[in-house]
Amino acid sequence: MLRPTALIALLAFSATAQSTRPRVHIIATGGTIASTNYYSGSAGHVGVEALLRAVPQLDSIATISGQQFANIASSAMTPANWLQLSRAISDTLARRPDLAGIVVTHGTDTMEETAYFLDLTVKDPRPIVVTGAMRPSDGIGIDGPANLYNAVRVAGASSARERGAMILLNDEIFAARDATKSNAVRPDAFSAPYRGDLGLAEPEGIVFHRPPSRRGVFDLANLRDLPRVDVSYSYAGADGTDIDAFVAAGAKGIVVAATGRGSMTPAQRQAVTHAMEKGVIVLVGTRTGSGTVPVGEGVRGTSSTPSTIGTGDLNPQKARILLMLALTRTSDRREIAKIFQANQ
Ligand code: SIN
């Protein structure tokens with residue numbers, strides 16, 4: 001779908017008296033921020049030039065360059081797109097030592113997934129700020145321009161370095177690892193239920209509540225694609241049919257979005273045991289939206305079946321991404337548990 005040559009149309013934007021302002025590169029991928037007409041699903045109508053034209057105030061805070069990577073709803077994002085986007089960002093940062101940071105505009109539905117993938121794979125200390133909008137570009141009281149403006153402020157701030165990828169909406173800054181979309185409609189759609197926000201884009205300046213902390217990143221060199229990892233949702237009466245189907249489809253890993261602190265139905269447990277017997281790595285997280293399934297206490301095994309691995313406080317969709325990347329390094333259960341421990 002996304003041919004690199006078609007995607008990477010570099011656009012240069014002029015600005016006056018540019019020298020003292022931070023240089024920020026904006027990579028547009030689509031989403032509601034680039035859509036028109038509420039709820040019509042018409043993502044992809046507004047290009048990066050128009051996004052920038054809608055925020056003339058950007059010219060007073062940064063020197064901007066822009067790039068149209070894609071113009072799609074974020075529900076159409078794929079792991080192949082993540083690889084392309086991560087590489088495009090790493091290449092741009094390597095080519096442009098003058099840049100203070102990167103802003104990615106993106107649909108909010110899977111924003112947390114793309115942002116976490118970038119967090120785990122872009123090594124550069126400069127910030128990547130992922131933003132979007134809950135209201136389309138032609139709506140009333142639109143949030144896109146303010147979000148873009150604040151994202152550029154954060155990307156240009158020296159205090160944002162060494163923090164990896166972040167999500168900014170509604171003046172709130174979240175670590176990509178911690179953030180989740182927790183409201184389907186409101187402009188304050190994101191939260192970090194377990195760890196709280198990272199900071200705020202206040203009128204007076206960018207405020208961070210905690211010092212930077214970064215974990216190691218995964219090297220994408222020589223990686224052509226990512227292993228298949230699926231998510232199984234647990235609910236009363238779940239019979240494990242999906243787990244069997246994922247294994248049959250070639251899944252190398254499965255994350256169970258379990259009820260409570262890692263519990264699942266007896267039938268799911270049986271399906272998980274069969275999956276593990278076939279060498280599939282199974283992780284157990286929680287569907288509750290907050291709290292932990294400790295890494296060492298997924299579901300305890302027996303003398304003949306190994307234990308699953310808990311996801312810690314990573315939600316199932318984030319644990320899936322970490323597991324996909326972990327499986328590019330090792331398929332050893334204990335090593336994968338160590339990777340999850342190191343990413344708590
Ligand atoms: C999308 O994720 O592409 C649509 C929803 C949004 O951007 O808020």
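**Group meeting: two loop asparagines, a ligand shell and a parallel sheet**

Let's start in a loop. Asn170 is found between β6 (165-169) and β7 (172-175). One word of caution before I go on: this is a predicted model.

What is the sign of phi at Asn170? Positive, near 60°, and this is a residue other than glycine. As background, most residues other than glycine have a negative phi. How covered is this asparagine, Asn170? Its relative accessible area is 34%. Partly exposed means between 20% and 50%, so Asn170 falls into that class.

Now, who touches Asn170? Look at Asn147. A polar atom of the Asn147 side chain lies 3.0 Å from the backbone nitrogen of Asn170. Asn147 sits in helix α5, residues 144-155. So this contact links a helix residue to a loop residue, by way of side chain on one end and backbone on the other. Is Asn147 buried or exposed? Buried: its relative accessible area is 3%, and the cut-off for buried is under 20%.

There is another asparagine to show you. Asn222 lies in the loop between β11 (205-208) and β12. Its phi is positive too, near 70°. And its surroundings? Asn222 counts as exposed, because its relative accessibility is 81% and the cut-off is over 50%.

Stay with β11 for a moment. Its partner is β10, residues 199-202. The two pair in the antiparallel sense, over 4 bridges. One of the pairs to click on is Leu200, with Val207 in β11 as its bridge partner. How many residues does the hairpin from β10 to β11 run through? Just 2.

On the other side of the Asn222 loop comes β12. That strand belongs to an open sheet. The sheet has 4 strands, in the order β12-β13-β14-β15, and the pairing is parallel. Which strands form the edges? β12 and β15 (309-310), each pairing on one side only.

Let's zoom in on the β12 end. β12 covers residues 229-233, and β13 covers residues 253-258. They pair in the parallel sense over 5 bridges. To find the register on screen, take Val229: its bridge partner in β13 is Gly253. Then take Asp230, which stands opposite Ile254 in β13. As a general reminder, side chains in a regular strand alternate between the two faces of the sheet.

What sits between these strands in the β-α-β unit? Helix α6, residues 241-248. With β12 and β13, α6 makes a right-handed unit.

Last stop, the ligand. Eight names to have on screen: Gly31, Thr32, Ala73, Ser74, Gly107, Thr108, Asp109 and Ala133 surround the ligand. By class, this shell divides into 2 nonpolar, 5 polar and 1 charged.

Now the polar contacts, each to an oxygen atom of the ligand. Thr108 brings a polar side-chain atom to 2.4 Å. Asp109 works through its backbone: an N or O atom there lies 2.9 Å from a ligand oxygen. Ala133 also uses a backbone N or O atom, at 3.1 Å from a ligand oxygen. How much of the ligand does the protein bury? Taken alone, the ligand exposes 250 Å², and the protein buries 88% of that.

To recap. Asn170 and Asn222 both carry a positive phi. Asn170 is partly exposed, whereas Asn222 is exposed. And Asn147, the buried one, reaches the backbone nitrogen of Asn170 with its side chain, at 3.0 Å. Over to you.

Conventions
Residues numbered from 1 in each chain as written. Predicted model: local features only at pLDDT ≥ 70, side-chain atom pairs only at ≥ 80, totals over all residues. Heavy atoms only, no water. Pairing = 2+ DSSP bridges. Right-handed = clockwise from strand over helix to strand, strands pointing away. Near = heavy atom within 4 Å. Polar contact = N/O pair within 3.5 Å; in protein donor to acceptor, adjacent residues only side chain to side chain. Areas by Shrake-Rupley, 256 points an atom, 1.4 Å probe, with all protein chains shown as cover. Nonpolar A, V, L, I, M, F, W, Y, C, P; charged D, E, K, R; others polar. Buried < 20%, exposed > 50% of the residue type's maximum accessible area, 1.4 Å probe, protein only.
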